[in-house]
Amino acid sequence: MGDIRVTCATFNVLHGQLIRADGHPAAARPEDPSAPLAEAVASLDVDVLALQEVDRFQERSGRLDQAAVAATALGALDWRYATALHSRLVPGRGWVNDPAEPAPRVHGTEALEPEVPSQGVALLSRLPVREWRALRLSPGPLAVPLKVAGRTAPVLARDQPRAALAAVLEGPRGPFTAVALHLSFVPGWNIRQLLTVRRWIADLPRPQLLLGDFNLIGALPRVALNTTARHSWRGPAGQATYPSHRPRVQLDHILATGLDADAVGTARAPRTAISDHRPLVVELSL
């Protein structure tokens with residue numbers, strides 16, 4: 001095996017929601033709303049971290065810029081947050097979109113943007129970043145039953161816009177590409193989105209890493225990518241990640257192309273105090 005140089009992770013943080021040992025959300029909000037997310041992120045101690053279900057200025061998460069909180073906890077040199085939707089959660093009504101903010105936005109270390117509530121994905125890096133790009137993915141057309149933390153029966157849910165965020169990073173052996181993404185829970189539509197992302201990054205340097213909550217089980221995303229791929233994709237981190245209190249399936253993935261088999265080190269899916277997903281962590285020689 002080559003020298004292990006870079007530790008990468010993906011984590012659907014469920015807006016920093018504390019989860020009890022039985023899998024139900026904790027009822028009480030912590031005195032410091034940033035603490036659970038910051039502690040969970042810091043505990044991973046990784047070089048590159050993709051986050052999903054990240055809040056920005058949402059009431060439910062203490063009106064925090066959660067990407068900024070996570071970046072500080074990780075000690076990230078550079079980071080970006082891409083909005084999937086500008087919307088706020090209203091009790092009894094669900095997500096209410098902001099008509100004044102129809103287009104996606106990208107926020108980062110130097111951003112001084114209006115405090116518009118949103119939800120999206122983030123990519124944090126301890127390594128230097130050469131280039132950033134972002135993509136919004138349209139929602140699936142159908143409502144489907146969805147398992148929600150704390151609910152016994154599935155809930156019929158409509159899909160929302162999704163986002164992907166790519167960075168070209170300076171690795172120890174040269175540039176590589178990392179992509180944070182969160183795919184639809186609508187069957188088939190998530191595979192369509194995955195293939196869209198693959199085409200979108202085709203011109204970026206290899207090795208390429210896709211890190212995210214794919215809402216696809218086990219080997220499905222790897223098989224879908226390799227069906228029509230010019231380059232072979234591998235899944236170096238096979239670990240069950242959902243639900244966090246008793247993981248049975250892998251919904252969260254790190255997929256790679258342009259890496260040899262001996263470039264892969266240890267993979268793990270540790271339990272944290274937040275989220276109904278476990279983070280997925282893998283060491284790679286990059």
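Is the crossing of H3 and H4 left-handed or right-handed? Keep that in mind while you load the model, which is a predicted one.

**Stop 1: helices H3 and H4**

Select residues 189-200 for helix H3 and residues 220-227 for helix H4. Two packed helices are described by the angle between their axes and the distance between the axes. In this pair the axes come within 10 Å and cross at roughly 55°, and that makes H3 oblique to H4. As for the opening question, the crossing of H3 and H4 is right-handed.

Now show the side chains where the two helices touch. From H3, pick Ile191, Leu194, Leu195 and Arg198; from H4, pick Pro221, Ala224 and Leu225, which they meet. Sorted by class, this contact of H3 with H4 has 6 nonpolar residues, no polar ones and 1 charged residue.

**Stop 2: helix H1**

Next, select residues 35-44, which form helix H1. How many of the residues of H1 are buried? It is 7 of the 10, so H1 is largely enclosed by the rest of the structure. To see them, colour Ala35, Pro36, Leu37, Ala38, Ala40, Val41 and Leu44, the buried residues in H1. An α-helix has 3.6 residues a turn, so residues three or four places apart point the same way.

What do these buried residues pack against? Add strand E1 (6-12), strand E2, helix H2 (66-74), strand E16 (264-268) and strand E17 (280-284) to your view, and you have their partners.

**Stop 3: where H1 meets H2**

Keep H1 and H2 on screen. Their axes are 8 Å apart and the helices pack at an angle of about 40°, which makes H1 oblique to H2. The crossing of H1 and H2 is right-handed. On the H1 side the contact is made by Leu37, Ala38, Val41 and Ala42, and on the H2 side by Gln66, Val69, Ala70, Ala73 and Leu74. By class, the contact of H1 with H2 divides into 8 nonpolar residues, 1 polar residue and no charged ones.

**Stop 4: Asp45, just past H1**

Step along the chain to Asp45, in the loop between H1 and strand E2 (48-56). Just after H1, Asp45 takes a positive phi of about 50°. Is Asp45 buried or partly exposed? Its relative accessible area is 49%, so Asp45 is partly exposed. Try your distance tool from Asp45 to Arg93: the two are 48 residues apart in sequence, and their C-alpha atoms are 38 Å apart in space.

**Stop 5: Gln17**

Go back towards the start of the chain and click on Gln17, in the loop between E1 and H1. Leaving aside neighbours within four places in sequence, Gln17 is in contact with Pro25, Ala26, Ala273, Ile274 and Ser275. Gln17 and Arg93 are 76 residues apart along the chain, with 20 Å between their C-alpha atoms.

**Stop 6: salt bridges**

Time for some charged pairs. Side chains of opposite charge can pair when their charged atoms come close. The count for this model comes to 10 salt bridges, and here are some to visit.

Begin with Asp78 and Arg80, whose side chains meet in a salt bridge at 2.8 Å, N to O. Both Asp78 and Arg80 are buried.

Then select Glu131, Arg133 and Asp203, which are linked in a network of salt bridges. Glu131 and Arg133 form one salt bridge, with their closest N and O atoms 3.4 Å apart. Glu131 is partly exposed, at 33% relative accessible area. Arg133 and Asp203 meet in another, at 3.1 Å, N to O. Arg133 lies in strand E8 (residues 129-137) and Asp203 in the loop between H3 and strand E13 (208-213), so this pair ties together parts that are 70 residues apart in sequence. Asp203 has 58% relative accessibility, so Asp203 counts as exposed.

**Stop 7: Thr241**

Finish in the loop between strand E14 (233-234) and strand E15 (252-257), where you will find Thr241. Is Thr241 buried or exposed? With 0% relative accessibility, Thr241 counts as buried. Not counting residues up to four places away in sequence, Thr241 touches several residues, including Pro247, Val249, Leu251, His277 and Arg278.

Terms used:
Residues numbered from 1 in each chain as written. Predicted model: local features only at pLDDT ≥ 70, side-chain atom pairs only at ≥ 80, totals over all residues. Heavy atoms only, no water. Axes fitted to C-alpha atoms, helices over the stretch in contact; angles between N-to-C directions. Helix = DSSP H or I, 4+ residues; strand = E, 2+ residues; numbered from the N terminus. Parallel < 35°, antiparallel > 145°, perpendicular 65-115°, else oblique. Left-handed = near helix turned anticlockwise from the far one by under 90°. Contact = heavy atoms within 4.5 Å. Nonpolar A, V, L, I, M, F, W, Y, C, P; charged D, E, K, R; others polar. Salt bridge = Lys/Arg side-chain N within 4 Å of Asp/Glu carboxyl O. Buried < 20%, exposed > 50% of the residue type's maximum accessible area, 1.4 Å probe, protein only.
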